[in-house]
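Visitor: Please take me through one part of this model slowly, with the cut-offs behind each term. I would like to know what meets what, and how the pieces are arranged.

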Amino acid sequence: MSGEALFFLEVVISGLMAGVMYALVALGFVLIFKASGVLNFAQGVLALFAALALYDFIAPGGWVDDLFGFTFPIWAGIILTVGVMIIVAWLIERLVLQHLVQQEPIILFMSTIGLAYILEGVGDMLFGSDVKPLDIGIPQGASDWLLDNYGLYVEKLEVFAALTAAILVIVLAVFFQKTRIGRALRAVADDHQAALSVGVSLRTIWVIVWSVAGMVALVAGIMWGSKSGIQFSLSLIALKALPVLILGGFTSVPGAIIGGLIIGVGEKVAEVYLGPYVGGAIENWFAYVLALVFLFFRPQGLFGERIIERV
Amino acid sequence: MFYREAGQFKDSYESDQAIFPVAQDRWFVFGVVIAAFALVPFFIGDYWTNAVLLPLLAYSLAALGLNILTGYCGQVSLGTGGFLAVGAYTTFKLVTAFPELNFILVVLFSGATTAAVGVVFGLPSLRIKGFYLAVATLAAQFFLVWMFNKVEWFFNYSPTGQITMPPVELFGVLITGPRAPSAAKYLFCLGVVAVAAYAAKNIVRSRIGRAWMAIRDMDIAAELIGIRPLMTKLSAFAVSSFYIGMAGSLYFGVWLGSAEPIEAFGIEQSFLVLFMIIVGGLGSILGSFLGAAFMVLLPIVLKNFMVDGLSMAVVTAKHVEIMSLGMLIVFFLIVEPHGLARLWQIAKEKLRLWPFPH
Amino acid sequence: MSERRNGEVLLSVDKISLAFGGVRALEGVSFDVLEGEIRAIIGPNGAGKSSMLNVINGFYHPQEGSITFKGKTRKQMRPHFVASSGVARTFQNIALFKGMSTLDNIMTGRNTKMKRGILWQALHYGPARNEEIENRGHVEKVIDFLEIQSIRKTPVGRLPYGMQKRVELGRALAAEPELLLLDEPMAGMNVEEKEDMCRFVLDVNEEFGTTIALIEHDMGVVMDISDRVVVLDYGKKIADGTPDEVRANQDVVDAYLGVAHD
């Protein structure tokens with residue numbers, strides 16, 4: 001391969017990997033949106049929060065270390081963090097969503113912006129706001145095999161993240177298709193009223209779905225934290241997930257994945273090949289503008305259903 | 001008892017359609033405006049002007065603008081920061097290129113430029129609604145701030161990338177820059193805001209305002225009774241952006257004096273103004289002011305209380321502030337989605353009956 | 001009850017076909033509405049009645065066929081254009097603007113009649129104020145006509161169902177339409193409310209000479225107040241004529257009693 005093509009390939013691959021991260025966050029959005037019609041703006045902060053909690057369970061210098069003088073092993077830390085996320089989900093349902101059931105979607109959306117602020121404030125207060133390196137033993141550095149055989153520079157971490165995301169999607173698919181709770185979730189997504197009338201408890205469903213979204217957020221938080229440390233910018237990827245959703249459609253899991261990859265590759269390629277001519281840093285807005293252009297041609301997203309308006 | 005409409009009969013549609021049909025409201029607003037113009041300037045110092053009054057006025061104007069779009073027309077925007085920037089940079093370019101231009105014209109031009117930009121980013125609103133539109137406005141936010149950060153022409157090739165407001169006189173009195181007297185800055189902003197608020201109140205109670213609310217409440221029905229959705233939504237984007245652009249002009253020109261795009265016009269500003277109208281009251285002119293006052297005063301009060309009162313570390317206090325902000329938003333959305341303005345109305349209804357509860 | 005009128009043809013619908021994806025809602029439906037008459041469109045659920053109104057209204061664009069209103073033929077048109085050329089309507093599920101008062105809701109019906117630009121409105125002075133006051137006068141006439149003076153300033157969200165229906169009629173009337181489309185004006189009402197509504201419909205027709213096309217499920221009401229009835233079933237027209245003719249039509253009886261379709 002020529003140097004130029006190789007470089008292009010590297011750009012595309014690094015874009016794909018960034019896309020995996022966006023997709024992970026977008027996945028959490030889609031889960032919650034499908035089950036409750038809420039566009040959860042706090043998803044990114046949820047990822048930040050999860051990563052911070054994990055850090056404090058396992059890392060030297062974290063909270064647990066400070067207070068009790070020991071740290072949990074990584075697997076225990078992850079289990080504990082999952083527990084924390086379930087508690088957070090329960091609190092959110094209890095304190096916020098329950099009171100807003102009858103409200104319009106846009107009010108719910110704004111309430112999740114409020115939630116994002118609360119989580120950020122609480123997270124910073126409990127865990128501090130400095131950048132923390134998260135190391136849970138994910139292989140780091142470039143893949144030697146690819147570098148030696150093909151001259152291609154690819155981070156091991158990124159391959160790992162992609163594999164994890166794939167496994168996560170499969171697990172979720174099985175969960176939705178095969179388990180009783182999963183089927184109840186899909187029933188609620190299709191029709192709230194009907195689901196209620198056959199005895200599905202909406203409140204339980206909401207807690208479950210927010211917990212699942214919390215776990216997806218944890219995975220996203222681990223990957224992002226391992227890559228660039230746990231910091232506030234993590235919650236900004238939540239914003240990047242919004243254009244991903246527009247591309248993929250708000251209710252489609254495959255849409256979230258493919259949308260994420262398109263945005264990831266698109267903005268990397270644009271940054272590398274277009275950026276230098278306009279002053280760089282177009283990564284900041286490229287995704288949004290891409291989504292905006294896309295909206296003109298296919299407002300329902302790649303995989304969303306066409307909406308027929310009625311009176 | 002004190003707030004009683006009984007006995008105030010209207011004998012023409014004209015008087016029934018007056019801006020404040022109830023006499024007490026009329027006198028109250030009149031009194032507040034008189035006090036704001038004639039009394040306040042004698043009592044204010046630099047601290048009050050810069051920490052409270054100028055931000056309050058600039059943010060009130062921005063909240064007024066966003067409320068027109070979101071509260072009256074139902075289109076959520078997260079691009080307020082970007083539109084503030086358009087107003088601010090227009091002001092900067094105008095006063096540096098034409099130092100002789102009357103500053104009132106500068107403010108109006110800044111509004112007009114922002115209105116044009118707002119209409120462009122409002123175009124997608126015909127096809128998309130709700131969250132989708134919110135995302136589209138994020139495109140405006142990030143793109144505009146990036147542009148002002150990267151395109152050097154906008155900041156006159158200054159090496160720091162900052163823009164700094166030169167001193168400008170209006171009718172022989174300095175109103176911008178560090179040497180301008182506080183009272184002059186305050187009075188200028190107050191004048192702009194008062195006129196803008198009066199105009200906004202008039203617009204929302206006439207044809208265009210009703211069309212906005214119709215689109216907000218039920219867009220399909222509105223279309224079928226003859227309201228043109230695109231024109232109506234674009235007019236809301238235009239008027240809203242016009243206001244936010246003027247706010248940007250005051251925000252940068254009179255209050256801050258110098259600005260750096262990412263910090264002064266970032267996404268946090270968009271959220272802040274959105275919070276103002278949620279707390280103050282969606283679809284309420286008064287609410288825009290109440291919300292802006294609340295959001296400007298809250299950090300000051302919290303900071304005084306926590307840092308000076310409880311001697312908390314400044315960083316921790318900042319975190320508590322962020323958290324309280326979030327809690328307040330959630331609280332208001334749950335308890336009173338119509339915000340402080342609605343509470344004010346309830347208080348008035350109570351006053352009407354006071355001291356007899358029934 | 002009232003004698004056949006012999007007005008000109010105000011609206012004629014010609015071979016309209018409408019489909020959503022693969023679902024055919026209307027198939028080659030034609031009928032006309034004469035000036036000054038009350039024309040009912042009836043049929044079982046899902047017969048395509050509301051779709052028909054939406055086509056006339058310009059909200060749905062039919063794949064085939066054309067519509068002639070006041071001598072002008074069209075295939076497609078924007079709803080606001082239809083509205084300003086003199087068609088007003090009410091909706092099956094109340095479509096009032098919840099956040100606004102009764103008065104403001106009815107004022108929106110005057111939207112197409114008001115022309116003053118935004119700068120005048122911002123000043124609320126001169127032409128804009130005169131226009132506002134003049135239109136307020138029209139709206140007050142409608143309010144008097146519908147006997148809803150007492151709820152003038154009440155937010156419509158707080159009104160009982162029957163009143164909301166009345167306000168919605170008021171909003172349509174405020175536009176001074178030549179053709180008034182009513183989509184189930186009496187659905188969900190009790191007997192008294194129905195009687196009131198019937199009276200208003202007949203009064204509108206007689207006093208203002210407004211042509212009315214209405215969808216209604218209450219057969220008694222339809223047969224009483226309409227001059228002519230068109231019957232739809234599965235998107236096709238199966239009968240058209242005076243109430244008596246329609247009542248005697250075997251296809252109509254079959255459709256309502258649910259004889260199996262072939």
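Guide: What follows starts where chains B and C meet and then goes to the parts on either side. The model is predicted, so local features need pLDDT of at least 70 and side-chain atom pairs count only at pLDDT 80 or more, while totals for chains, interfaces and linings use all residues. Residues are numbered from 1 along each chain as its sequence is written, and chains are lettered from A and ligands numbered from 1 in the order in which they are written.

In chain B, 25 residues are in contact with 33 residues of chain C; contact puts the two C-beta atoms, placed from the backbone, within 7 Å. On the chain B side, two or more residues each come from α1 (13-16), α7 (182-204), α8 (207-217) and α9 (219-224). Helices here are DSSP runs of H or I with at least four residues, strands are runs of E with at least two, and both are numbered from the N terminus. The largest share, 8 residues, belongs to α8(B). By type, this side of chain B has 12 nonpolar, 6 polar and 7 charged residues. Ala, Val, Leu, Ile, Met, Phe, Trp, Tyr, Cys and Pro count as nonpolar, Asp, Glu, Lys and Arg as charged, and the others, Gly among them, as polar.

One of these elements, α7(B), also packs inside its own chain: its axis and that of α2 (23-43) of chain B come within 10 Å and cross at roughly 170 degrees. Axes are lines fitted to C-alpha atoms, for helices over the stretch in contact, and angles run from 0 to 180 degrees between N-to-C directions. The two helices are therefore roughly antiparallel, the word for angles over 145 degrees. From α2(B) the contact takes B:Val33, B:Ala36, B:Phe37 and B:Pro41, and from α7(B) B:Ala183, B:Tyr186, B:Leu187, B:Leu190 and B:Ala194. These residues divide into 9 nonpolar, no polar and no charged.

Chain C, the partner, holds an open sheet of 4 antiparallel strands in the order β2-β1-β4-β5; strands pair if DSSP finds at least two bridges between them. Its edges are β2 (23-34) and β5 (72-74), each pairing on one side only. Neighbouring strands are turned by 15 degrees against each other on average, direction ignored. Between β1 (9-20) and β2 of chain C there are 8 bridges, and C:Val9 has C:Leu34 as its bridge partner. Helix α1 (49-57) of chain C lies across β1, β2 and β4 (64-69), at about 115 degrees to β1(C).

Note on methods
Parallel < 35°, antiparallel > 145°, perpendicular 65-115°, else oblique.
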